[in-house]
Amino acid sequence: QVQLVESGGGLVQAGGSLRLSCAVSGRLFDINAMGWYRQAPGTQRELVATIISGGSTNYADSVKGRFTISRDNAKSTVYLQMNSLKPEDTAVYYCYYRPLLGGTGNYWGQGTQVTVSE
């Protein structure tokens, strides 16, 4: 089993910043991807950012230059630094863990609400 606990969401004004954290525990595998999806009511789920074991990263075009994903393997925690937030960033953000070698399935955190006011 894999458990993910998210924190760091909240309400901010446009142009502000938030830092999301996702702590993962359980039966983990060395080769994996972690990151965040987000979903707002009435919209499709969007992959925001991904970081692979080893450090390579990918971002949605809509957040490039504003968001930074990182991981602290010693703490088994992934971070998403979100700067220059826009109202269209408002969504529930879900952390995920995906084994890429030696395991199966996708695992999700409980979600954290990010709201950006005009």
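**Notes on the disulfide, core and salt bridges**

1. The torsion about the S-S bond of C22 and C95 is about -90°, so this disulfide is left-handed. The pair links distant parts of the chain, since C22 lies in strand β3 (residues 18–26) and C95 in strand β9 (residues 91–99), 73 residues apart. The model is a predicted one, and in it the two sulfur atoms are placed 2.1 Å apart. The structure holds 1 disulfide.

2. Both ends of this link are shielded: C22 counts as buried because its relative accessibility is 0%, and C95 counts as buried because its relative accessibility is 0%.

3. The largest nonpolar core has 27 residues, and those with the most contacts inside it include W36, F67, L80 and Y93. Among the strands that each supply at least two residues of this core are β3, β4 (32–39) and β9. Leaving aside residues up to four places away in sequence, L80 touches, among others, W36, F67 and Y93.

4. A search of the whole structure finds 4 salt bridges. In one of them, the side chains of D89 and R38 meet at 2.9 Å, N to O, and this pair links distant parts of the chain, with D89 in the loop between β8 and β9 and R38 in strand β4, 51 residues apart. D89 and R38 are both buried.

5. D89 also forms a salt bridge with R66, the closest N and O atoms being 2.8 Å apart, and R66 sits in the loop between β6 (57–59) and β7, 23 residues from D89. Salt bridges that share partners join R38, E46, R66 and D89 into one network.

Conventions. Residues numbered from 1 in each chain as written. Predicted model: local features only at pLDDT ≥ 70, side-chain atom pairs only at ≥ 80, totals over all residues. Heavy atoms only, no water. Disulfide = S-S within 2.5 Å. Helix = DSSP H or I, 4+ residues; strand = E, 2+ residues; numbered from the N terminus. Buried < 20%, exposed > 50% of the residue type's maximum accessible area, 1.4 Å probe, protein only. Core = buried A, V, L, I, M, F, W, Y, C linked by side-chain atoms within 4.5 Å. Contact = heavy atoms within 4.5 Å.
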